[in-house]
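Here are a few exercises to work through with the model open. Try each task yourself before you read its solution.

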Amino acid sequence: MKRVFLGELEEVVLLTVAALQESAYCASITQTIDQQMGRNISFPTVHTTLQRLEEKGFASSQMGGATAERGGRQKRLFIVTAAGQRALMECRQVRAQLWDQIPISVIQLWGA
Amino acid sequence: MGSLITDDERPPEPPRWAVWLLSQFCPEGLEDELQGDLLEMYTYWLKTVGVPKARWRYILAVLRLIRPFTWSRTSQNNDYTHPESLRRTDRATFIFQPAMLPNYLKIAFRNLIRNKIYSFINVLGLALGICVCLVIYLIASYEFSFDDFHPDHDRIFCVDAGMRGGHWNCVPGPMPAAMRREITGLQTVAAFQTYVASVTIPDGQNGKPKSFDDDGSLAIAEPQYFDIFRYRWLSGNAATSLTMPNSVVLTAAKARKYFGDLDPDRIIGRTIYYQDSLMVTVTGVVADWTGNSDFNFSQWISYATIPVSFLKGEIPLDGWDKIKSSSQVMIKLVENVKPSQIDAQFPTFAKRHYGSQPAFTAHLKPLSGIHFHPEYGGAGRKASLPVSYTLMAVAGFILILAIVNFVNLSTAQSMQRAREIGVRKVLGGNRSGIAVQFFSETLLLTVAAVGLAALMGRPVFSVFADLIPGGVHFRVDGGTVLFLLLVTAATTLLAGFYPAKVLGNYQPTVTLKGITAVPGSGKGALRRGLIVFQFTISLLFIIASFVIGSQLRYVLQTNLGFKTDAIITLGRPRDNRPGPMGFFQSDKIRTRQLATEKTGKTAVLTDKIRQLAGVEQVIREWKPPIGQDHRGFEGGGLKNSNEKPINISYHYGNEDYLPFYGMKLVAGRNLLPSDSTRELLISETCAHALGFSDVSKAIGREVVISPFDTYPVAGVVADFYENSFHQATWPIIIRHDPTQEATIAVKIATKGMTAGELKTLIGNIEQAWKAIFPGQPFGYSFLDESIANMYADDIRTERLTNVAMGITVFISCLGLLGLAIFSTERRAREIGIRKVLGATVSGIMVMLCKEIVLLILIALLIASPLAWYFMHGWLQGFAYRTALSGWIFVAAGAAAIGIALLTVGFQAMRAAMANPVKSLRTE
């Protein structure tokens with residue numbers, strides 16, 4: 001039985017939040033995912049996912065500064081909470097375990 | 001970033017309406033960040049995907065982020081400590097769980113049984129609404145099915161010809177041939193004439209001749225007719241059957257009627273006599289059409305017959321100024337030719353045949369519209385497009401009223417079910433499950449109602465047979481079933497949506513505590529609004545039916561200016577469709593010719609009838625004072641006057657005409673008893689129109705009544721109505737011309753005459769008729785009945801409105817009754833306490849009823865202007881009409897309130913009279 005449940009999309013978004021550090025807000029996250037992962041995830045989807053992450057306690061937010069390019073509007077900046085950090089690490093660990101179980105010879109075959 | 005941007009380089013802004021939408025419907029507290037983020041995203045998209053896509057993405061994002069589509073929650077207090085399974089189902093709101101279905105149906109069924117009254121009201125109301133929809137659907141699908149089955153029917157047109165934009169309903173005799181020669185773009189031109197004739201089959205079954213009266217199915221047609229309207233030929237063929245003179249083509253049904261069950265090939269060559277003198281040979285038999293058509297002829301005589309028979313005299317095929325209403329033409333365009341291209345050729349066409357300043361106009365009208373346009377082509381019964389649309393709207397409204405009842409009753413009842421929903425939710429039922437449950441309950445009721453409606457269909461058809469067009473039959477075919485399924489689906493969704501939503505939103509924690517008065521009693525407002533809506537519709541119909549009723553009373557009871565009782569007009573009952581409006585030359589030749597042979601005989605018949613017992617007076621006339629027939633002259637005036645010419649309408653009769661109809665002479669004297677006097681009577685209006693304010697001054701002046709004739713005025717007659725009240729009466733002249741007076745009017749001594757004696761008398765008249773006109777069918781009509789017949793359409797409208805009023809009022813009151821039962825039940829304890837504290841029965845009655853009175857008054861305020869608008873428009877169709885007085889609206893309001901109080905009053909009284917001890921002891 002898994003204790004935490006982190007969907008694949010949620011994981012991607014949360015990782016991006018962690019990667020962007022202080023400048024993680026919805027628009028920047030969407031653009032980063034678009035540029036770096038080449039995945040076209042729509043803005044509303046990211047927005048909803050962020051809200052859900054916050055509800056689950058994996059992320060927290062506070063209102064941050066406004067800039068001219070966004071019409072003087074404030075932005076909501078996200079950071080990863082302790083629970084979020086744990087969840088991310090757990091995800092990574094689970095994956096690492098699975099990676100470890102693949103025989104090295106097989107991986108070498110893939111690489112070849 | 002953040003650099004200075006000059007105006008020129010400023011990137012295009014996101015769509016302003018989308019920005020506005022987001023600002024209005026953004027989830028609470030999120031506007032700032034969303035607007036900012038989206039603006040940033042927009043600039044990003046501009047750079048990466050270009051302007052159109054950026055705008056598109058912006059709009060999509062806004063639409064997904066605004067309420068009610070957003071998933072955003074403004075309260076952040078959702079608790080995620082529930083087991084995972086619950087969370088997952090919560091995310092998918094409309095998961096359908098088949099396992100629960102039997103349970104839903106069982107509960108639904110139990111509920112229906114427990115609340116018998118509500119179920120009954122709901123099912124009855126819905127069934128009534130659906131039944132109305134079904135009947136009107138059948139009528140509409142019938143009316144819209146006309147002439148849509150012909151091959152290339154979009155290339156078939158008829159010609160709407162007339163003078164100065166008026167409609168003749170026919171074309172000049174030589175026009176089809178001329179069109180064929182002079183107008184390009186026509187593939188086929190087919191002229192045909194409608195004709196009325198009796199039929200004789202010389203060698204019937206026992207060697208005796210068989211006769212048939214005319215049934216309106218005879219046409220005289222060119223062979224091209226069958227090029228345009230395709231038939232399956234059982235014998236003969238389209239190309240040759242109608243080319244020779246004196247040949248006729250029959251449909252299989254007609255052939256069976258005339259010759260019995262013979263093989264079509266054996267019918268070829270048989271002889272038929274039309275009008276006892278036109279001998280024709282059958283040259284073809286075609287299969288009957290199965291589709292509905294306005295061109296429902298079933299016997300076609302060849303056009304080539306006209307020049308070689310007596311028809312030559314009756315049907316003028318030369319001469320552009322002789323307009324005969326039987327003359328019709330159908331055309332088929334060459335492929336890819338537009339009707340406007342033909343229309344463009346008509347002005348030159350008109351110039352060629354009507355001189356340099358032609359008043360003649362013509363247009364093509366498509367076949368598909370013919371059924372709805374009485375003013376052009378076709379011989380069949382016409383339907384009215386506005387009436388058809390109105391009927392559909394009425395059906396829709398009645399169904400909506402029934403749905404409103406359903407919504408009202410189920411939301412009112414929902415409080416009682418709050419606990420059930422609470423328990424369901426606690427046990428893991430989610431919002432979607434509860435919605436599915438209520439939809440299935442609605443579905444159950446709707447299916448019951450649809451079943452009931454289908455059962456009601458046949459009886460309804462027989463009860464309202466006279467309101468339903470003849471060709472419509474109640475039948476359950478694929479289309480009907482599909483329609484019923486659609487209605488079921490629509491009704492279920494409309495009626496179930498609101499209750500399902502409201503009930504799904506109940507919070508278990510609140511309802512299980514027993515607090516049923518859920519906050520947000522906006523439902524009460526909704527219910528009141530729906531009641532107002534229902535009564536607005538009902539009041540519209542009540543007012544409409546009052547207005548139509550009063551106009552019809554006015555029309556039928558106004559003194560017409562002459563006596564109408566006990567007068568019989570002999571001859572065939574006349575066609576009620578208005579013919580071409582009076583053209584002086586129109587039928588002159590034909591009437592003269594007919595008249596000369598008929599006048600003598602008619603005089604003999606008149607004398608014979610005069611001698612019958614029970615006949616008070618007999619006169620010869622052209623037509624009764626009132627009727628659809630109209631002949632006149634648009635250039636009337638005083639002799640040698642240069643005033644603007646006036647319209648005058650002709651009536652013919654001798655010195656007996658006035659006393660026979662009891663018309664009053666206001667100046668001068670009656671016509672003199674002589675067949676050769678040249679004098680006339682004019683109506684008061686005519687005298688005024690000629691410029692005499694004192695009508696007696698007109699006596700002796702010469703009046704121009706045709707391009708060739710002037711007559712001196714002998715007297716002035718009090719005004720009388722010469723047409724239905726839909727059309728204004730023209731200035732009238734009455735003149736004696738024996739050749740025109742071929743109709744006989746008989747006044748019966750009604751005093752002391754029984755129905756049996758009347759029958760004998762008419763039998764005697766018929767015998768006299770047969771003796772003198774052996775070949776012609778005998779027909780008669782009572783003048784007062786034929787006057788009422790002129791308003792057959794209006795009387796039908798009145799009946800339809802009354803039925804619609806009855807149904808809407810009934811459904812509205814049904815709903816009101818349900819609500820009244822419900823609210824008095826719920827307020828039983830309150831009423832008990834009030835009574836214990838000293839409230840009177842009347843006080844409680846007022847308390848229970850005043851809200852409804854208030855709601856109906858609001859409905860009256862909304863309905864009155866709407867009703868005024870519609871009824872004002874309807875009354876414009878009459879030249880003579882009643883005023884739309886305020887009392888009609890007051891009376892309608894009073895009637896609605898009265899009916900509503902009767903409905904509610906009984907319940908209120910029962911509640912008010914109940915013993916408070918009983919109601920207070922419950923619980």
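**Exercise 1: a salt bridge between chains**

Glu31(B) is partly exposed, because its relative accessibility is 26% and the class runs between buried (under 20% relative accessible area) and exposed (over 50%), using a 1.4 Å probe and protein chains only. Before going on, some ground rules: this is a predicted model, where local features need pLDDT of at least 70 and side-chain atom pairs count only at pLDDT 80 or more, while totals for chains, interfaces and linings use all residues. Residues are numbered from 1 along each chain as its sequence is written, chains are lettered from A and ligands numbered from 1 in the order in which they are written, and side-chain values use heavy atoms, leaving out hydrogens and water.

Task: find which side chain meets that of Glu31(B) in a salt bridge.

Solution:
- Step 1. Apply the rule: a side-chain nitrogen of Lys or Arg within 4 Å of a carboxyl oxygen of Asp or Glu.
- Step 2. The partner is Arg73(A), at 3.8 Å from N to O.
- Step 3. Place both ends. Glu31(B) sits in helix 2 (residues 31–49) of chain B, and Arg73(A) in the loop between strand 1 (59–64) and strand 2 (75–80) of chain A, so the pair crosses between chains; helices here are DSSP runs (H or I, at least four residues), as are strands (E, at least two), numbered from the N terminus.
- Step 4. Check the other end: Arg73(A) is partly exposed too, at 25% relative accessibility.

**Exercise 2: the interface**

Task: describe how chain A and chain B meet, starting with how many residues are in contact.

Solution:
- Step 1. Count contacts (heavy atoms within 4.5 Å): 26 residues of chain A touch 27 residues of chain B.
- Step 2. Get the area, meaning the accessible area (1.4 Å probe) that two parts lose on being put together, summed over both. It comes to about 2700 Å², with carbon and sulfur atoms giving 50%.
- Step 3. Count salt bridges: 5 run between chain A and chain B. Arg70(A) and Asp37(B) form a salt bridge, with their closest N and O atoms 2.7 Å apart.
- Step 4. Ask which elements of chain A give two or more residues to the side that touches chain B. They are helix 2 (26–37) and helix 3 (43–56) of chain A, and helix 3 gives the largest share, 9 residues.

**Exercise 3: salt bridges within chain B**

Task: work out where two salt bridges of chain B sit, starting with the partner of Arg424(B).

Solution:
- Step 1. Arg424(B) pairs with Glu420(B), the closest N and O atoms being 3.2 Å apart.
- Step 2. Both are in helix 15 (residues 418–426) of chain B, 4 residues apart, which means about one helical turn between them.
- Step 3. Arg424(B) is buried at 15% relative accessibility, whereas Glu420(B) is partly exposed at 24%.
- Step 4. Now take Arg669(B), which forms a salt bridge with Glu679(B) at 2.8 Å between the closest N and O atoms. Both lie in the loop between strand 17 (665–668) and strand 18 (680–683) of chain B, so the pair ties together parts 10 residues apart in sequence.
- Step 5. Arg669(B) is partly exposed at 37%, but Glu679(B) is buried at 8%.
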